[in-house]
Amino acid sequence: MIVMGIESSCDETGVGIVAWDPAAPDGPVRLLADEVASSVAEHARYGGVVPEVASRAHLEAMVPTMRRALAAAGIEKPDAIAVTIGPGLAGALLVGVAAAKAYALAWDVPLYAVNHLGGHVAVDTLEHGPMPPCIALLVSGGHTHLLRVSDLGEPIEELGTTVDDAAGEAFDKVARLLGLGYPGGPAIDRLADGGDLAAIAFPRGMTGPRDARYDFSFSGLKTAVARYVEGCERRGEPVPMADVAASFQEAVADVLTMKAIRACRDFDVSTLVLGGGATANSRIRSLAQERCDAEGITLRVPKPRLCTDNGVMIATLGAHVIAGGAPPSPLTVATDPGMSVQISAY
């Protein structure tokens, strides 16, 4: 069975195609095509994603991206279509869902409206095979979630989330503060490579004994970086850019991985999965591996291209939803920009 996935929740127009054998529902999902058109360059001059610009970019990119994916897979049409219904930017979601409905109607194939966040977890199975019960840490520009996953075809339990800024958003804001441009994550990662991660004692938010056990907060950390930079400038001292980047990055990675390992211990789970664009960060990956090794936990991380938004992750989740026996979504299904992570599909 060939499943197509359409992703348009933010600034990437993604169309992915996978193959899956219904006769072996626990067997591997095979990648056939992964085409992405990014509008990140159009947002760079604004220092962040502009919803109207993103929506227009999706409109322009959808058909060419679809054609490239079909050509790469060597097919004329899929057997089913999965599409991101939420969460995400309202206008951006509308473009992808409208396209998915049109293609499903024209090709007379079933439509499955699925959760963007679940896709970030499911895509790991392309590289590492069937997923055991696990804890998943999703980190991106718009999301920071700690999840408990029993089965990809069943609802996902949210253990914790950010109470203010997402981790990726904090990277973007600190990068802007340091004059590094947008997107901030890769720029800070490169700059931090030459810095001392212990040079500046930036705070670790939501880690006190009375704080929510699995929630995150990065607003205070972002403010602490701003105050440190302002202090250097006020005293006429040069800002130690590399040290600031390294110490900030370490503070984020420390809290994320500490709480993820805590969840694995609390729920007696031996597998941790990382997902989302910000998990491409080298320090988050290396610290997660170091702490997992110390605790005897298996760490699963997709390759960086699959961590960022793409259609393959939606196609993969769609295959698991179909394997779980979920009925197709009606063509009247609406987008859900604030969709709960605990809803796999509509």
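The residues lining the largest pocket divide into 10 nonpolar, 16 polar and 8 charged. The structure described here is a predicted model, and this pocket has a volume of about 950 Å³. Its lining comprises 34 residues, and Ser-140, Gly-141, Gly-142, Asp-172 and Tyr-182 are those nearest the pocket centre. Three helices, namely helix 4 (116–122), helix 6 and helix 7, each contribute at least two residues to this lining. Helix 6 provides the largest share, with 6 residues.

Helix 6 spans residues 167–177, and its buried positions are Ala-167, Gly-168, Ala-170, Phe-171, Asp-172, Val-174 and Ala-175. Asp-172 thus appears in two settings: it is buried within helix 6, and it belongs to the group of lining residues nearest the centre of the largest pocket. The buried residues of helix 6 are covered by elements that include two strands, strand 6 (134–139) and strand 7 (144–149). Helix 7 (184–192), helix 8 (219–234) and helix 9 (241–266) are also among the covering elements. Helix 7 accordingly recurs in the description, as it also supplies residues to the lining of the largest pocket. Just after helix 6, the backbone at Gly-179 adopts a positive phi of about 75°.

Helix 4, another contributor to the pocket lining, contains His-116. The relative accessible area of His-116 is 2%, and this residue therefore counts as buried, the cut-off being under 20%. Leaving aside residues up to four places away in sequence, His-116 touches Glu-7, Ser-9, Thr-84, Gly-86, Pro-87, His-143, Asp-309, Met-313 and Ile-314.

Attention now turns to charged pairs. Side chains of opposite charge can pair when their charged atoms come close. The structure holds 15 salt bridges. One of these joins Arg-305 to Asp-34, with 2.8 Å between the closest N and O atoms. This pair connects distant parts of the chain, since Arg-305 belongs to helix 11 (residues 304–307) and Asp-34 to strand 3 (residues 30–38), 271 residues apart. The two partners fall into separate accessibility classes: Arg-305, at 45% relative accessibility, is partly exposed, whereas Asp-34, at 14%, is buried.

Asp-254 takes part in a salt bridge with Arg-204, in which the closest N and O atoms are 2.9 Å apart. This pair likewise links distant parts of the chain, with Asp-254 in helix 9 and Arg-204 in the loop between helix 7 and helix 8, 50 residues apart. Asp-254 is buried, its relative accessible area being 17%, while Arg-204 is partly exposed at 29%. Asp-254 also meets the side chain of Arg-291 in a salt bridge with an N to O distance of 2.7 Å. Because Arg-291 lies in helix 10 (residues 282–295) and Asp-254 in helix 9, this contact ties together parts that are 37 residues apart in sequence. Arg-291, at 24% relative accessibility, is partly exposed. A network of salt bridges with shared partners joins Asp-165, Glu-169, Lys-173 and Lys-222.

Terms used. Residues numbered from 1 in each chain as written. Predicted model: local features only at pLDDT ≥ 70, side-chain atom pairs only at ≥ 80, totals over all residues. Heavy atoms only, no water. Buried < 20%, exposed > 50% of the residue type's maximum accessible area, 1.4 Å probe, protein only. Helix = DSSP H or I, 4+ residues; strand = E, 2+ residues; numbered from the N terminus. Contact = heavy atoms within 4.5 Å. 1 Å grid on protein atoms, 1.4 Å probe; cavity = no way out; pocket = protein on both sides within 12 Å on 5 of 7 lines; lining within 4 Å. Points joined across faces, edges and corners; volume = space filled by probe spheres on them. Nonpolar A, V, L, I, M, F, W, Y, C, P; charged D, E, K, R; others polar. Salt bridge = Lys/Arg side-chain N within 4 Å of Asp/Glu carboxyl O.
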